[in-house]
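Please walk through the model below with attention to its surface, its aromatic rings and its backbone.

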Amino acid sequence: MAFRAIFVFSLVLLVFNIGAALHLSGSNAIEKSFFILASLAILFRGRPDRTILALLFAELLLVIILGASTPYNGFSWSVLFVSLNQIIVLFALLAGKTSYRDQQLIWKVTAFLPLVCVVLGFAYQAVGIKPMIATEFATGVPRYLGSLSAAAFTSALGMCGVFAGVQLVLGGQKKYAALVLISLLVLVAAGGRATLAVCVVVTGASVLVQRGVTITTKISLVVMGLIGGLAIVAVFWDNFATRFLQSGDSGRGIMWDYLRTVIDQYPYTGIGFGHQFYITPHEIEIIVGSTSAHNDFIRLSVELGSTGMIMFYVLLTLAVLKASFRGGRPNVVAILAYSGFLFLSNSDNALASPLEFPLIFLALLAGHKKPVPRRVRQRQELPIMQPVPHQASASPGE
């Protein structure tokens, strides 16, 4: 119960964007602290996966050893330890024990969050807190923000909302179909190209592998999804086409070229986990509009060295695979969600984003089935009475 409450509150707090709403400079630390509390809650509820915990400790040991070995003069232990939440939260969600109740509550809240984001976005703009639409620097294309501060966060929220809503619809809760449509609108309006692709592949796969749903229903859902998706894309076609054709890497190539020079300087140890954010020159920040690498493979090569980056993802991949095979049968959707996470990592800050890695967790929750009520289970366990064959009575003359 504690985990469900804290994790849901963490997501809601994120969508409320208290940094903008309350003008809190330390809002990021507050949001991270609740995700850490959720991680501790899921681990202490009992029986976490010991193999994944061992991989977590190996991951932490890796970044600490490389941090202790770096010759970079600007290295800071406080920066490294504050950044460890990016590792701990993800591994804790993979290792923790979940239930059908967790699944239902988290899916339902996630399905509603894009709508909450829309409502709060209108409210925040109406009272002058923040605009709900931002203009992309590279293309001049408007991108929807809602209540959040970055279109990338909004598109990731829409992606998770679509997936969660579709799972509920597949489970027979058809009233969530409207929320799926709203989430898809939010995703497309935010202009997330990679998140849209991941959403289509992962959610589509979840429909096709769903048990207990007829092939006719599956085909109908896929066709309806395609028609609805094409209709939405048609509405936003001008913005979408402009982003596809003109934005390219949105100027991030300049950032990546600079970061590759840092990798060449510290190829074996990197400069320390969590430090890339602080070394971006102001000139590049002005051009790109951010100090983040927007490519986790380059970012981790800067922070851990090229070999350290590879080891980091090997350990993380092993943890995801272990979690995906926990129920005996492989959770194909969770493995696809992780593949989508790696795809997003090539052009975004997927590891640090609190709204991109949850797709893996949402997919893992699909492994829970609705429990059979005790009375029904007891009735099913009753022995089946075999009819006694009727024997004709012998006649007196026999």
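In this predicted model, a convenient place to begin is a nonpolar patch on the surface, which covers about 350 Å² and is made by Leu 208, Val 209, Val 222 and Leu 226. Two helices, α10 (193-209) and α11 (215-235), are the elements that each give two or more residues to this patch. Within the patch, Val 222 has its place in helix α11, and with a relative accessibility of 30% Val 222 counts as partly exposed.

From the surface we can turn to the aromatic side chains, where the count comes to 14 aromatic pairs. One of them is formed by Phe 112 and Tyr 176, whose ring centres are 6.0 Å apart and whose planes stand at 80°, so the pair is classed as edge-to-face, given that planes over 60 degrees apart fall in that class. This pair links distant parts of the chain, since Phe 112 sits in helix α7 (residues 100-126) while Tyr 176 sits in the loop between α8 (151-170) and α9 (177-189), with the two positions 64 residues apart in numbering. The two partners also carry separate labels for accessibility: Phe 112 is partly exposed, with a relative accessible area of 40%, whereas Tyr 176, at 6%, counts as buried, the limit for that label being under 20%.

Ring pairs also build a cluster, in which Phe 3, Phe 7, Phe 35 and Phe 361 are linked. Another aromatic ring, that of Phe 273, has a charged side chain as its neighbour, for Arg 299 lies over the face of this ring at 5.1 Å from the ring centre.

The backbone offers a further point for inspection, and here two residues can be read side by side. Which residue, although not a glycine, has a positive phi of about 50°? That residue is Asn 17, found in the loop between α1 (2-16) and α2 (18-21). Arg 47 likewise has a positive phi, near 55°, in a residue other than glycine, and its place is in the loop between α3 (27-44) and α4 (50-69).

Are these two loop residues buried or exposed? Asn 17 is buried, because its relative accessible area is 8% and buried means under 20%. Arg 47, by contrast, counts as exposed because its relative accessibility is 72%, and the label of exposed applies over 50%. A positive phi thus occurs in this model at a buried residue, Asn 17, and at an exposed residue, Arg 47.

Methods:
Residues are numbered from 1 along each chain as its sequence is written. This is a predicted model: local features need pLDDT of at least 70, side-chain atom pairs count only at pLDDT 80 or more; totals for chains, interfaces and linings use all residues. Side-chain values use heavy atoms; hydrogens and water are left out. Helices (H or I, at least four residues) and strands (E, at least two) are DSSP runs, numbered from the N terminus. Buried means under 20% relative accessible area, exposed over 50%, partly exposed in between (1.4 Å probe, protein chains only). Patches are made of residues with over 30% relative accessible area and no salt bridge: like charges are joined within 9 Å, nonpolar side chains (Val, Leu, Ile, Met, Phe, Trp, Tyr) within 5 Å. Accessible areas come from the Shrake-Rupley method with a 1.4 Å probe; for residues, only the protein chains shown count as cover. A salt bridge is a side-chain nitrogen of Lys or Arg within 4 Å of a carboxyl oxygen of Asp or Glu. Rings of Phe, Tyr and Trp (its six-membered ring) pair if their centres lie within 6.5 Å; planes under 30 degrees apart count as stacked, over 60 as edge-to-face and the rest as tilted. A charge sits over a ring if NZ of Lys or CZ of Arg is within 6 Å of the ring centre and within 35 degrees of the ring normal.
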